[in-house]
Amino acid sequence: MALEAKRLRAIIGGSAGNLVEWYDWYAYSALSLYFSASFFPKGDPTAQLLNTSAVFAVGFFMRPIGAYLMGRYADRHGRKAGLAVSVALMCAVSLMIAFAPTYATIGIAAPILLLVARLLQGLSVGGEYGASATYLSEMATRRHRGFWSSFQYVTLIGGMLSALAVTLLLQAVFTKAQMDSFGWRIAFALGAALALGVYLLRRGLAETASFRALAVDRPASGMAALWRAHPREFLLVGAISAGGGLAFYAYTTYMQKFLANTVGFSVQTATAIMTAALVVFMLVQPLFGALADRVGRKPMLLLFGIGGAIVSVPVFSALENVRTPGAAFAIVLVPLLLLAAYTSISALVKAELFPAHIRALGVAFPYAIGNAAFGGTAEYVALSLKGWHMESAFYWYVSGMLALTSLCFWLLPETRRTSLIVED
């Protein structure tokens with residue numbers, strides 16, 4: 001009983017930081033409407049350029065770097081150490097944003113400071129994925145690894161929903177002028193307090209048996225070693241992360257804009273539809289994870305890949321003609337439930353492909369590359385095609401990518417049987 005209580009505490013600690021990381025990440029997007037004028041005045045073209053560069057650098061540059069650095073760190077110093085560093089960095093970043101002086105106070109240094117904070121935020125989020133995925137996968141029992149590892153996406157979606165909930169609460173309490181002035185800072189101060197709490201929790205976590213069992217003179221974790229020893233796994237993880245990342249952002253982040261810009265719902269209605277859908281998406285993660293423990297990983301992955309390839313075009317096409325929020329909600333759930341078959345076990349499958357001495361890096365780095373290249377650009381591609389009056393081409397783009405991803409799923413071993421996580 002004591003062992004199970006210790007394991008449960010470890011699962012909570014390993015996944016709670018993920019919630020905080022994604023809360024802070026999405027709070028920036030949700031609240032940028034209020035603080036952008038404080039840091040990027042319209043009359044200063046240099047400041048405007050820095051604003052654009054910040055978004056670009058974080059989305060396509062810092063997260064893979066964070067994945068690489070934190071993956072190596074977790075392989076060298078332990079999963080627990082990697083978890084603590086990632087959430088400590090997010091705590092510091094949240095404090096930087098919460099108390100950052102405005103452009104009126106320190107001039108061009110203000111957007112530069114915000115840029116640095118956002119870059120560090122990207123570093124932290126990029127590093128969190130590999131550390132938490134590896135820790136949760138190694139701490140779970142062999143029979144229930146799918147169930148327990150699914151909580152990584154429970155907390156990821158929970159972070160998104162928490163950021164939205166805090167934003168709505170602040171909007172209800174403060175006026176627009178108050179939100180522009182100081183209200184937005186409260187959300188980041190809250191994020192820093194939550195991150196500090198998780199940091200203290202993670203400091204007391206147990207290290208995984210997989211890491212403790214590693215020899216002192218084990219092979220080094222690094223890019224050259226990863227590519228030399230595991231090129232096939234590297235490419236497969238990058239490929240399935242590309243398709244999975246594209247589907248995730250297409251069905252979640254972009255879907256909200258699609259409901260408003262293409263379907264014609266108000267922003268408030270589109271937000272309400274996606275909030276309700278994301279709550280369902282979050283709650284079904286453990287169910288799909290538990291199912292993967294019974295039937296295997298590959299059937300779940302192929303369900304997502306083939307199912308997503310089949311339904312993407314009909315789903316987006318049907319939504320174009322929807323007129324009621326209830327119908328839109330029901331249709332949006334179709335691809336999200338298929339996606340849950342992937343998200344619930346995606347981190348686990350990657351962890352089971354690599355030996356312990358290079359596992360955190362093997363999980364994090366190819367994932368970050370694939371996700372940044374296709375997930376991070378999903379909205380840009382969709383909006384560009386819409387601007388060229390070729391919006392339906394995006395539906396086929398998602399469908400085609402998932403068909404290719406299904407081929408990669410087929411090439412994967414059934415990791416429930418061949419898992420390189422040897423501990424029970």
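Are Arg 202 and Glu 128 buried or exposed? Both residues are buried, a term that stands for under 20% relative accessible area, with exposed standing for over 50% and partly exposed for values in between (1.4 Å probe, protein chains only). The views below come from a predicted model, in which local features need pLDDT of at least 70 and side-chain atom pairs count only at pLDDT 80 or more, while totals for chains, interfaces and linings use all residues. Residues are numbered from 1 along each chain as its sequence is written, and side-chain values use heavy atoms, with hydrogens and water left out.

**View 1. The salt bridge between Arg 202 and Glu 128.** The closest N and O atoms of Arg 202 and Glu 128 are 2.8 Å apart, which satisfies the definition of a salt bridge as a side-chain nitrogen of Lys or Arg within 4 Å of a carboxyl oxygen of Asp or Glu. The pair links distant parts of the chain, with Arg 202 in helix H8 (residues 176–203) and Glu 128 in helix H5 (residues 109–139), 74 residues apart. Helices (H or I, at least four residues) and strands (E, at least two) are DSSP runs, numbered from the N terminus. A search of the whole structure finds nine salt bridges, and side chains of opposite charge can pair when their charged atoms come close.

**View 2. The salt bridge between Lys 257 and Glu 379.** Here the closest N and O atoms lie 3.4 Å apart, and the pair joins distant parts of the chain, Lys 257 being in helix H12 (residues 253–263) and Glu 379 in helix H19 (residues 378–387), 122 residues apart. Lys 257 counts as partly exposed because its relative accessible area is 33%, and Glu 379 is likewise partly exposed, with a relative accessible area of 25%.

**View 3. Glu 352 and its salt bridge with Arg 297.** The closest N and O atoms of Glu 352 and Arg 297 are 3.0 Å apart, and this pair also links distant parts of the chain, from the loop between H17 and helix H18 (359–375), where Glu 352 lies, to helix H15 (residues 297–319), which holds Arg 297, 55 residues apart. Both Glu 352 and Arg 297 are buried; Glu 352 is classed in this way because its relative accessibility is 2%. Leaving aside neighbours within four places in sequence, the residues in contact with Glu 352 (heavy atoms within 4.5 Å) include Arg 145, Arg 297, Thr 415, Arg 416 and Ile 421.

**View 4. Lys 350, a buried residue that has no salt bridge.** Lys 350 is placed in helix H17 (residues 346–351), and the nearest side chain of opposite charge, that of Glu 352, is 12 Å away; for this purpose Lys and Arg count as positive and Asp and Glu as negative, whereas His and the chain ends are not counted. The side chain of Lys 350 instead makes a polar contact with the side chain of Tyr 129 (3.0 Å), that is, a pair of N or O atoms within 3.5 Å, of which, within protein, one must be able to donate a hydrogen and the other to accept it, residues adjacent in sequence counting only if both atoms are side-chain atoms. Not counting residues up to four places away in sequence, Lys 350 touches Tyr 129, Val 237, Ile 240, Ser 241, Tyr 342, Val 363 and Tyr 367.

**View 5. The surroundings of Met 70 in helix H2 (residues 45–77).** Met 70 is buried because its relative accessible area is 9%. Met 70 and Tyr 129 are 59 residues apart in sequence and 9.2 Å apart in space, C-alpha to C-alpha. Apart from its neighbours within four places in sequence, Met 70 is in contact with Gly 82, Val 85, Ser 86 and Gly 127.

**View 6. Leu 333 in helix H16 (residues 325–343).** Leu 333 counts as buried because its relative accessibility is 15%. When residues up to four places away in sequence are not counted, Leu 333 touches Ala 277 and Val 280, and the C-alpha atoms of Leu 333 and Ala 277 are 6.2 Å apart in space, although these residues are 56 apart in sequence.

**View 7. His 389 in the loop between H19 and helix H20 (392–411).** Phi of His 389 is near 60 degrees, a positive value in a residue other than glycine. Most residues other than glycine have a negative phi. His 389 counts as exposed because its relative accessibility is 76%.
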